[in-house]
Amino acid sequence: MAQPLVKKDDDRDEEADYSPFLGIEKGAVLQEARVFNDPQLDPRRCSQVITKLLYLLNQGETFTKVEATEVFFAVTKLFQSKDTGLRRMVYLMIKELSPSADEVIIVTSSLMKDMNSKTDMYRANAIRVLCRITDGTLLTQIERYLKQAIVDKNPVVSSAALVSGVHILQTNPEIVKRWSNEVQEAVQSRAALVQFHALALLHQIRQNDRLAVSKLVTSLTRGTVRSPLAQCLLIRYTSQVIRESSQNSQTGDRPFYDYLEACLRHKAEMVIFEAARAITELSGVTSRELTPAITVLQLFLSSSKPVLRFAAVRTLNKVAMTHPLAVTNCNIDMESLISDQNRSIATLAITTLLKTGNESSVDRLMKQITNFMSDIADEFKIVVVEAIRSLCLKFPLKYRSLMNFLSNILREEGGFEYKKAIVDSIVILIRDIPDAKESGLFHLCEFIEDCEFTYLSTQILHFLGNEGPKTSDPSKYIRYIYNRVILENPTVRASAVSTLAKFGALVDALKPRIFVLLRRCLFDSDDEGKSCTTRVRDRATLYLNTLGADGFVGETEKDVKEFLFDSLDVPLVNLQTSLQNYEPSEEPFDISSVPREVKTQPLAEKKATGKKPAGLGAPPSGPPSTVDAYEKLLSSISEFSSFGKLFKSSAPVELTEAETEYAVNVVKHIYDGHVVFQYNCTNTIPTQLLENVTVFVDSSEAEEFEEVVSKPLRTLPYDSPGQTFVAFGKPEGVPAVGKFSNVLKFIVKEVDSSGEADDDGVEDEYQLEDLEVVPADYMLKVGVANFRNAWESMGDDCERVDEYGLGVRESLAEAVSAVINILGMQPCEGTENVPNNSRSHNCLLSGVFIGNIRVLVRLAFGIDGRQVAMKLSVRSEDQSISDAIHDIVANG
């Protein structure tokens, strides 16, 4: 029996739930299972033991093969009992034990007997268990009974057969597909659950036949479905047909919309809501189509049922992202939900109001939200903060009240993610609303006085160093910054030292005072270990020398600003690797020698297929970057040594399909005046040796290229990667493009069982996929840490702005991805990610064009229906490169 209940402490505030199975052990329960063998069965006691066994199984307890077999055979003896309750527990136990094939046969006869029993409860449960534990062989024997059960007059039996069919369809679809006539008959049943299960099974049988699904929806939308559950399913299938037909149809007609609208007048609330949600989720839905759905959702907002209120406000919240004006009529009803006892409903109501409210309602909303914030969890608070940020960007004149609200909640208790969301919001508002800068920086300074999160303190100090010197009175921030040097941990102290240096570099009037503070930092106390405090003192020494204190010859003003404010244009991983490989000598370390390519894909053993490697034959030891390894390989080949410095190497491009006789991929190496194709080849046939392997390249569709040298591969044994090269000349510094046809040519020699190859061979060739050199091949992906600073420091001397139509696209995310791929640039600050249902999006890109020309790009996308428009702004160090980027997009 179960252990006695644990006594509850008298001083506990909340009642706890106590399991009646607390402390039971598998061994004890297996001992109790011996009651199944008693001559006189006690149904009540047997049911209790089975319940304990089921509990153990569902808690993840594993039974050994012997234990499971013993329990299974003991349970089968319970079929002799006529107790209905115990019989149902026996069915459950057999399902959970999932007996092996040789054990199934023991209970098959009993289950088949129950399946034909006069007791409907036995029949239904026997069908479920049989279909769960049997394989396809036995299913063919009982198929006749299952077909009869589907059209049985008893809805419990019929539903059991239909649900079993749904499960069998996953493993034996050919059997279930033969039941279509019976399932169609069950769809006409008057029993609600039978109709629901029959419709679900019939759709799954036909789901891979788009025309059959369309016919099914057409026939059922004429009014033969009575079950509310089945009606909800039908609405979902109808939405699927509408989506698929709208993709293929160029006309504005939307089939089945009338049916969805008619469902809004159904007597069942679940059907009404399902239809309303389906209408709001239609692709390219218009305001006219939305109106009836919004009307019924508005009625649900005042429902007495919390689930209806939640469903309605959540759906309206999603609609507000794309059609805020359509939801404004519901604002009064949603305002009443702010005080709803269900905090999820209240949070959704507030965030929806923030998306749909007008400028005049902002102050009233802020008062209501202030009282509400203390009652909700941090995860809901973050949602509210993000909605307030969007509202402030929408109505910039209201920044004072919204900024004050953010600063007030910033001083309240909360976790890291909540505080980070507030700080990020204030930073974004400062950047996008110039008038908010002074007050926003002041609020952040007050926050770091008591901030317990090191990450947020360093983030704010970094931002303060960039924006503070540009304000009308920079000196007022120095006190807050130096307090961090005195009171904080070494990480924050080091960040504060860097921030002080930025003020000294940009504000000449403050430079003497900054020098005094930096000198004090030279005596930073060692309170958390030598390495930490050395970091603070080293920074102070570096900045004093850089700024020219104590008679040191400082750097030029331009160099100082570049050092302090410009982002590092090399990946930190590459810089670390280069510094580790640097050997001290009279020649100082040159940062320009650090590879600037972002990707760190190990090219050494890149596989041409999923199985066979076909990369560099002998990769260099250690962790060199991709460009380093390729450059060493190419410079070791005399034919390519005169080509100069390698600019970029592409990712391998597959030229063969998987599981073919020969696996080939190609890497494009870009030089200023040449392109080298490195063909990585693998022979996957054990009985062949390939010799004199080369690739014949037809460049007739690449007019600006001229083949200059080809380097064949002498031998290619089985499963041993090798490389052959073909080099082309092109105009220097020009991003020439073209298409190349490739044919692999070689001599085949048969290899016997001893591994010896024949002396004579046969010439053969193998057609490869075409290869293209595209504009993106001439662009290195090089990110920037702070895009805005990089953009402003670049200046607008070589800027070009233009607008383009991108035509019909499935979504905004697809358009953004396509432009990024065409340009081959590095997305910055996570702007490659497009929020769901967005109608507009901004994307920031950075890169280095051939010739080591830095390029920055701002993309502004907008979508109307499925038509996408884009504004392209390009800044670079060369006007011709800015024009070239626009030409790439225009021709792409």
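**Backbone exceptions, buried sites, helix packing and internal cavities**

N692 counts as partly exposed, with a relative accessibility of 44%. This value, like the others reported here, was computed from a predicted model. N692 belongs to strand β5, which spans residues 688-701. Although N692 is not a glycine, its phi is positive, at about 50 degrees. Most residues other than glycine have a negative phi. A second residue of this kind is N852, a residue other than glycine with a positive phi near 60 degrees. N852 is placed in the loop between β15 and β16. At a relative accessibility of 45%, N852 falls between the limits of 20% for buried and 50% for exposed, and is therefore classed as partly exposed.

The chain as a whole comprises 36 helices and 17 strands. Of its 892 residues, 49% are counted as buried. Among contacts with a sequence separation of 6 or more, 64% are accounted for by residues 24 or more positions apart.

Two buried positions were examined individually. V857 is located in strand β16. Its relative accessible area is 0%, and V857 is therefore buried, the limit being under 20%. With residues up to four places away in sequence left out, V857 touches F787, W791, M825, C843, L844, L845, L872, S873, V874 and I885. V857 was also paired with C828, which lies 29 residues away along the chain; the C-alpha atoms of these two residues are separated by 10.0 Å. The other position, Y543, is part of helix α30, formed by residues 530-547. Y543 has a relative accessible area of 9%, which means that this tyrosine is likewise buried under the 20% limit. Between Y543 and G504 the C-alpha to C-alpha distance is 9.4 Å, at a sequence separation of 39 residues.

Helix packing was analysed for α25 (residues 437-448) and α26 (residues 454-467). The axes of α25 and α26 lie 10 Å apart and form an angle of about 145 degrees. The crossing of α25 past α26 is left-handed. On the α25 side, the contact is formed by K437, L441, L444, C445, F447 and I448. The residues contributed by α26 are L456, S457, I460, L461, F463, L464 and E467. In terms of residue class, this contact consists of 10 nonpolar, one polar and two charged residues.

Internal voids were then considered. Rolling a probe the size of a water molecule over the atoms shows where empty space is left. The search covered the whole structure and returned three cavities of 30 Å³ or more. For the largest of these, the volume is about 40 Å³. Its lining is made up of 10 residues, and those nearest the cavity centre are V782, S846, G847, V848 and R854. Two or more lining residues are given by each of the elements β15 (840-849) and β16 (853-864). By class, the lining of the largest cavity holds five nonpolar, three polar and two charged residues.

The stretch around β15 and β16 thus recurs in several of these results. Both strands contribute to the lining of the largest cavity, the loop between β15 and β16 carries N852, and V857 is situated in β16.

Definitions and conventions
Residues are numbered from 1 along each chain as its sequence is written. This is a predicted model: local features need pLDDT of at least 70, side-chain atom pairs count only at pLDDT 80 or more; totals for chains, interfaces and linings use all residues. Side-chain values use heavy atoms; hydrogens and water are left out. On a 1 Å grid over the protein atoms alone, a cavity is a set of points where a 1.4 Å probe fits but cannot get out, and a pocket is an open set with protein on both sides within 12 Å along at least five of seven lines; lining residues have an atom within 4 Å of a point. Grid points are joined across faces, edges and corners, and a volume is the space filled by probe spheres set on the points. Helices (H or I, at least four residues) and strands (E, at least two) are DSSP runs, numbered from the N terminus. Ala, Val, Leu, Ile, Met, Phe, Trp, Tyr, Cys and Pro count as nonpolar, Asp, Glu, Lys and Arg as charged, and the others, Gly among them, as polar. Axes are lines fitted to C-alpha atoms, for helices over the stretch in contact, and angles run from 0 to 180 degrees between N-to-C directions. A crossing is left-handed if the near helix is turned anticlockwise from the far one by less than a right angle, and right-handed if clockwise. Contact means heavy atoms within 4.5 Å. Buried means under 20% relative accessible area, exposed over 50%, partly exposed in between (1.4 Å probe, protein chains only).
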